[in-house]
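Me: Please take a close look at a single part of this structure. I would like to know how it is packed and what surrounds it.

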Amino acid sequence: MILLGVITIALVGFIVVAHYKKDLPKAETLKKYQPEQITRFYASDGELMSEYAQERRIYLPISDIPEIIRDAAMSAEDKYFYDHMGINIPAIMRAAYTDIIYKITLSHHRPIGASTITQQVAKNFLLSSETTYSRKIKEILLALRIEKVFTKDKILELYLNKVFLGHRSYGVAAAAISYFNKSVDDITPAEAAYLATLLKAPNNYEITRHYDKALKRRNWVLYRMYQNGYITKEVYDQEVATPITYNLPKSNQVVYSPSFAETVRLKIKKDYGDQSLNKGGLFVRTTLKPKMQEYAVNSLRQDINEYTLRHGYHGAIRHMDNYADWQTGLAKDKNTTPNKDWSIGVVLSINDKSKTVSIGLQNGSRGLIPFKGLEWALKPLDTAKNTHAKLLPSDVLHVGDVIYAKEENNYTHLTDYMGKPWYKAWQKKNLSLIKNRNKQIATWYANHPHLAVEERHLARLRRLGLVIPVDDAVAHPLGVLYPRGIYTLEQKPTVNGGMLVMNAHTGQIYAMVGGYHNNLTDFNRATQAKRQPGSSFKPMVYLTALENGYAPTSLILDAPFVAIQDDGKIWKPQNYTHRFFGEVPMRIGIEQSRNLMTIRLAQAVGMKKVAKTAITFGEVDDLDPNLSNALGATETTLLRHVNVYASIANEGEKITPHLIDRIQDSTGKMIYAFDKRECSDCVITNGDTTQPPVELSKNYYDTLIPPKLTNAHERIAPRDESYQLISIMQGVVARGTARSLRILGIPLAGKTGTSNLEKDAWFMSYTPDLVVGVYVGYDTPKTLGHREGGGWTAAPAAKYFYQQAMNMLSKKPFPVPSGIRLQWVDYLTGQEAIPHSKNAILEAFKNNEMPNKEVKAETQEDDIYDLGAGESYDDSTIENGKYAPIPDDVREKRESKGENVGNYNGGDDNNNTVVIPEDNINNSNHGSVHEDITPADMDEYSNN
């Protein structure tokens with residue numbers, strides 16, 4: 001009977017196995033397994049920029065997974081892993097017995113699986129997660145197959161890299177970073193035991209929700225590790241006494257570069273596809289420099305904030321009638337701040353006597369906006385009739401207004417309160433309260449050590465009023481306690497812009513800012529916005545002229561210009577100031593951004609040649625050769641524009657901008673490198689190229705001449721003429737429309753630009769090694785406002801960047817080519833300078849060029865508008881088809897001096913249109929009354 005029973009059981013088993021075996025996937029399938037891994041973008045210094053993955057995984061071979069992690073996993077899941085054949089028969093029998101007891105007693109328990117690590121690999125890779133007996137049988141059969149195909153080490157490797165451990169992390173390497181911000185090599189026994197705890201069910205052992213349960217399970221794993229001989233008694237005692245603490249990666253550990261990262265992502269997706277991007281585990285080394293990126297973000301925001309504040313307060317975000325429970329009322333505004341340093345609050349009370357505003361914040365805390373923090377919003381429209389002293393906070397804000405506010409951690413005006421009697425009384429009265437509350441927080445932390453590093457708990461305590469550092473405590477005039485609660489009123493910008501920083505020799509983009517903040521829009525204004533460059537296009541005209549026989553001292557006429565267009569309409573471009581210099585050196589035309597000089601120069605050399613230069617430099621793909629395009633009436637992008645200036649700074653060699661230096665696949669194999677230059681002298685051999693490099697002494701290497709790499713850049717402009725343009729654009733900073741930047745004291749060249757009706761403001765600049773370009777404008781083009789041009793609206797962003805990055809800038813001068821001769825000339829005439837001349841500058845001449853002969857530079861008498869240093873304006877607008885009239889205040893001033901101002905409006909005294917013929921470039925007598933121009937005239941105003 002016993003034999004018959006055994007035979008029957010064997011037969012049944014054979015039938016069951018045969019039934020399930022036929023539909024099983026092949027274990028060999030695992031040999032083709034390609035794990036989904038994280039694609040990571042890194043900055044040039046190795047800092048992480050961003051990650052892309054459907055499953056966050058870093059796949060490690062078993063040799064790179066520390067033994068302590070392997071030991072913990074086996075102690076928690078499969079003590080006899082290296083001893084069994086893929087299944088643990090005693091464990092299966094115990095589990096089966098227990099499950100039967102549960103069914104008999106009607107206990108509601110999940111069936112016990114008794115799965116080995118091999119069985120879990122079978123389930124994770126080849127089967128579903130359903131809890132049925134049929135799936136269990138398939139799992140056992142597959143486990144037996146897997147053990148025949150793979151080594152134990154390979155099976156453990158697959159398991160520890162595939163398993164889900166919570167926090168969107170798959171595998172122990174990704175989990176080590178997600179939970180402890182560590183490499184697996186730095187994991188402690190207690191941390192390894194916690195990772196092993198998560199193998200069973202990560203959601204059940206998350207410490208912020210199930211700390212006690214997670215601690216008990218972690219300690220059990222540690223005990224099993226001690227029992228199994230993986231750790232000593234001393235290590236066990238030490239580790240079991242350690243609390244479980246997360247060290248989550250902070251968001252500020254990832255370089256903030258959304259526009260840059262998104263541009264790289266789109267490039268990777270286009271070239272390699274979605275699969276490689278989200279599953280391929282690519283290693284992408286970008287060109288981004290984190291510090292420069294930070295400086296660029298800060299600089300553009302500061303510039304746009306200043307523009308926004310200059311144009312007055314736009315009003316509250318909305319009004320809240322019932323603000324008693326302001327925290328609930330502000331919940332709808334969560335994550336809507338345009339700046340990560342700002343908060344959203346509601347005005348709770350206004351004290352006009354002390355000129356302060358009390359606000360309630362989203363987190364339930366209160367804050368105080370002193371007068372200094374909202375003074376900008378009280379700026380009167382007529383400063384001649386009103387003063388800030390007569391204006392009050394209630395003139396701008398109202399109780400219930402929802403506003404943006406920025407906390408001032410180091411509020412510079414805190415000293416304004418220190419001497420106030422009420423502040424001294426409050427400080428004396430509340431000092432003990434502050435100390436007592438700090439003791440409370442210290443005691444609380446002592447009783448909750450596992451939460452000591454959790455920022456959210458610290459924030460919670462702040463909301464409860466338990467964290468009030470003595471040095472940071474301030475007071476509301478009514479005596480209410482505020483921890484670090486001084487704020488300034490902020491305003492969401494309606495204008496936007498972009499900024500790019502590029503290596504002038506390699507085209508590596510070091511920083512890219514696509515807008516004020518990505519919360520406002522995902523549109524990248526550095527690469528996608530097509531706008532008119534205005535006068536910042538003019539270097540294309542002047543470089544073309546230099547290539548066609550003109551010198552920096554060539555005299556160009558600055559006088560009214562009228563042309564009849566093909567459609568019969570009259571085109572009358574003008575200088576913004578309505579002042580004409582007569583004949584002056586070509587250099588002045590770009591330094592002072594003279595529109596009429598540029599038009600005449602473009603007409604003389606031919607707009608077809610100018611268009612060819614612009615296309616060759618990559619400014620545009622095509623350009624209609626009409627004269628208006630000489631003033632930047634065509635459209636381009638900031639990226640293209642920066643690249644043009646990089647090619648100029650690189651002495652006429654074409655630069656190719658790029659954001660990616662190299663890409664490696666998940667195995668480390670190089671699959672892309674931007675720099676494809678070869679260097680045959682970079683490897684020293686013993687003469688036999690089949691042999692490895694020769695090992696030589698250090699002294700030998702010290703005597704070697706550095707290898708020379710081939711130059712991969714195409715020359716698109718002569719070196720000498722390119723340097724002459726560089727020299728001229730240095731004058732823009734030294735004396736011209738960007739002279740507000742000359743205080744930087746570094747070799748710097750640049751050009752401001754403002755498009756028609758002041759819709760777009762630009763500033764393009766470069767040092768010998770770095771190009772910085774800035775654009776500011778409304779996304780839906782409209783005027784930026786009167787006097788808002790390149791030098792006033794865009795140039796400050798570049799200035800702030802250079803000030804922050806000063807220690808990263810080379811102070812070397814622009815290199816002078818061998819074909820260039822520097823000679824002192826008079827800035828205003830282009831003639832050889834006389835000794836001790838105040839107008840003397842070093843001019844760059846080609847060897848065959850000479851300074852001008854004696855000739856009088858004249859200028860038509862007109863008004864000089866005192867517009868302030870560094871400002872730049874649109875100087876191509878037409879008012880009603882005529883020149884704008886002289887302003888009334890200037891007219892009155894001149895008439896009071898007995899001068900005949902007349903009624904000049906673009907025509908003669910009878911208002912007949914004056915059509916000026918196509919002048920020879922050296923004609924000198926235009927206009928009726930002239931006077932000598934001086935450097936002071938240049939300094940009294942600034943064009944774009």
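Reply: Helices here are DSSP runs of H or I with at least four residues, numbered from the N terminus. The model is predicted, so local features need pLDDT of at least 70 and side-chain atom pairs pLDDT 80 or more, while totals for chains, interfaces and linings use all residues. Residues are numbered from 1 along each chain as its sequence is written, and side-chain values use heavy atoms, without hydrogens or water.

The part chosen is helix α17, residues 538-547. Nine of its ten residues are buried (under 20% relative accessible area, 1.4 Å probe, protein chains only), so the rest of the structure largely encloses α17. The buried ones are K538, P539, M540, V541, Y542, L543, T544, A545 and L546. Just after α17, G549 has a positive phi of about 100°.

Helix α20 (residues 607-616) packs against α17: their axes, lines fitted to C-alpha atoms over the stretch in contact, come within 9 Å and cross at roughly 115°. On a scale from 0 to 180 degrees between N-to-C directions, 65 to 115 counts as roughly perpendicular, and α17 and α20 are therefore roughly perpendicular to each other. The crossing is right-handed, meaning that the near helix is turned clockwise from the far one by less than a right angle. M540, V541, L543 and T544 of α17 meet K609, V610, T613 and A614 of α20, contact being heavy atoms within 4.5 Å. By class, five of these residues are nonpolar, two polar and one charged; Ala, Val, Leu, Ile, Met, Phe, Trp, Tyr, Cys and Pro count as nonpolar, Asp, Glu, Lys and Arg as charged, and the others as polar.

Technical notes
Helices (H or I, at least four residues) and strands (E, at least two) are DSSP runs, numbered from the N terminus. Angles under 35 degrees count as roughly parallel, over 145 as roughly antiparallel, 65 to 115 as roughly perpendicular and the rest as oblique. Buried means under 20% relative accessible area, exposed over 50%, partly exposed in between (1.4 Å probe, protein chains only).
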